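Reader: I should like to learn how the features of a structural model are read from its atoms. May we look at one together, and where should we begin?

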Amino acid sequence: MRNRHCRGAPLTAELFPETRRCHRIAAGAVLLGGWAQSQALALKAGVDAVIASAPWRHMQTPGGRAMSTANSNCGPLGWQSDALGYRYLRTDPESGRAWPAMPAVFWSLAVAAAEEAGYPGFAPDACLLNRYAPGARLSLHRDQDERDAAAPIVSVSLGLPATFLFGGARREDPCHRLPLYHGDVVVWGGPTRFHYHGVLPVPDGHHPLVGRFRINLTFRKVR
Ligand code: MD3
Ligand code: FE
């Protein structure tokens with residue numbers, strides 16, 4: 001690791017606690033604690049711009065229930081869940097138009113984080129936005145709709161903290177818990193890329209930039 005948060009000098013770690021939060025979570029999965037914090041204002045402005053053209057919506061699960069998270073997308077492909085199942089679409093079904101472009105700050109952060117974690121040349125073609133109000137959660141699932149299995153998923157957390165769960169290849173495998181805070185970036189690649197994971201209900205709170213929400217961006221290479 002060679003960014004200013006992750007350089008390993010002990011003095012740095014004492015002065016800046018977030019330096020201790022950069023580590024490998026699993027084979028091929030790297031937590032870059034606080035990595036996006038200095039860009040948070042620009043990222044939030046990017047979120048607001050995306051949402052102005054593709055507003056937050058609660059998609060239906062294939063089982064017919066509304067998801068507790070609100071979602072939107074930017075980039076060439078957008079993730080969609082409804083009665084038909086999960087898939088990636090080139091247009092927003094709500095508007096019939098293309099998804100909004102990825103803001104430049106989204107793209108550059110995702111590419112830089114992937115490179116930092118050992119995945120040079122990451123070229124995401126989809127960015128899913130998840131918004132959690134207090135109480136919203138994401139039940140245990142696997143992300144299997146992306147065709148490019150070699151590419152990682154880059155995740156950026158903004159706003160309220162949450163507890164991330166990551167399990168194994170089988171639903172019944174035990175889960176580890178990982179707290180995720182505003183500005184944290186996680187790069188998920190390698191053998192755990194298709195493992196089960198989820199997010200516990202987000203506790204109530206208030207964040208100065210994001211308000212009463214947690215927003216998570218996931219960058220994916222789908223095609
Ligand atoms: C671990 N989102 O959108 S992002 C999702 O915090 C999703 O909103 C969570 O799971 C969130 O599908 C977690 C981090 C993430 C994404 C994909 C993974 C972790 C992963 C794939 C395999 C293992
Ligand atoms: Fe997921």
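Author: Let us begin with salt bridges, of which a search of the whole structure finds nine. The structure is a predicted model, in which local features need pLDDT of at least 70 and side-chain atom pairs count only at pLDDT 80 or more, while totals for chains, interfaces and linings use all residues. Residues are numbered from 1 along each chain as its sequence is written, chains are lettered from A and ligands numbered from 1 in the order in which they are written, and side-chain values use heavy atoms, with hydrogens and water left out.

Reader: How is a salt bridge recognised, and which side chain does Lys221 meet in one?

Author: The criterion is a side-chain nitrogen of Lys or Arg within 4 Å of a carboxyl oxygen of Asp or Glu. Lys221 satisfies this with Asp125, at 3.9 Å from N to O. This pair links distant parts of the chain, 96 residues apart: Lys221 lies in the segment after strand 13, and Asp125 in the loop between helix 3 (104-116) and strand 6. Such elements are DSSP runs numbered from the N terminus, helices being H or I with at least four residues and strands E with at least two.

Reader: Are these two partners buried or exposed?

Author: The scale is relative accessible area: buried means under 20%, exposed over 50%, and partly exposed in between (1.4 Å probe, protein chains only). Asp125 is buried at 9%, whereas Lys221, at 23%, is partly exposed.

Reader: Which side chain forms a salt bridge with Arg220?

Author: The partner of Arg220 is Asp143, with N and O 2.9 Å apart. Asp143 sits in the loop between strand 7 and strand 8 and Arg220 in strand 13, so the contact ties together parts that are 77 residues apart in sequence. Both Asp143 and Arg220 are buried.

Reader: What does Arg193 contribute?

Author: Arg193 forms a salt bridge with Glu146, their closest N and O atoms being 2.8 Å apart. Since Arg193 belongs to the loop between strand 11 (185-188) and strand 12, and Glu146 to the loop between strand 7 and strand 8, the pair ties together parts 47 residues apart in sequence. Arg193 is buried at 4% relative accessible area, and Glu146 is buried at 5%. Through shared partners, salt bridges join Asp143, Glu146, Arg193 and Arg220 into one network.

Reader: Next, the metal site. Which protein atoms are donors of the iron ion (ligand 2)?

Author: Donors are N, O and S atoms within 2.8 Å of the metal (3.2 Å for Na, K and Ca), and sites may look incomplete, as water is not among the atoms. For the iron ion (ligand 2), the protein donors are His141 (NE2), Asp143 (OD), Asp143 (OD) and His197 (NE2), lying 2.0 to 2.8 Å from it. Along the chain the donors follow the spacing H-x1-D-x53-H. Asp143, in the loop between strand 7 (138-141) and strand 8 (153-159), and His197, in strand 12 (residues 197-199), are 54 residues apart and link distant parts of the chain. Asp143 is buried at 8% relative accessible area, and His197 counts as buried at 15%.

Reader: Why is the arrangement around the iron ion (ligand 2) irregular?

Author: Ideal angles at a metal are 109.5 degrees for four tetrahedral donors, and 90 or 180 degrees for six octahedral ones. Four donors count as tetrahedral if all angles lie between 85 and 135 degrees; four count as square planar and six as octahedral if opposite donors are over 155 degrees apart and all others between 65 and 115; anything else is irregular. Here the six donor atoms subtend angles of 50 to 178° at the iron ion (ligand 2), which makes the arrangement irregular.

Reader: What volume does the largest pocket have, and which residues lie nearest its centre?

Author: On a 1 Å grid over the protein atoms alone, where a cavity is a set of points at which a 1.4 Å probe fits but cannot get out, a pocket is an open set with protein on both sides within 12 Å along at least five of seven lines; lining residues have an atom within 4 Å of a point. Points are joined across faces, edges and corners, and the volume is the space filled by probe spheres set on them. The largest pocket has a volume of about 950 Å³. Of its 43 lining residues, Met67, Leu138, Ser139, His141 and Asp143 lie nearest the centre. Elements giving two or more residues to this lining include strand 5 (85-89), strand 6 (126-132), strand 9 (162-166) and strand 13 (214-220). Ser139 itself is located in strand 7 and, at 43% relative accessibility, counts as partly exposed.

Reader: How many residues of the lining are nonpolar, polar and charged?

Author: Ala, Val, Leu, Ile, Met, Phe, Trp, Tyr, Cys and Pro count as nonpolar, Asp, Glu, Lys and Arg as charged, and the others, Gly among them, as polar. The lining of the largest pocket divides into 17 nonpolar, 16 polar and 10 charged residues.
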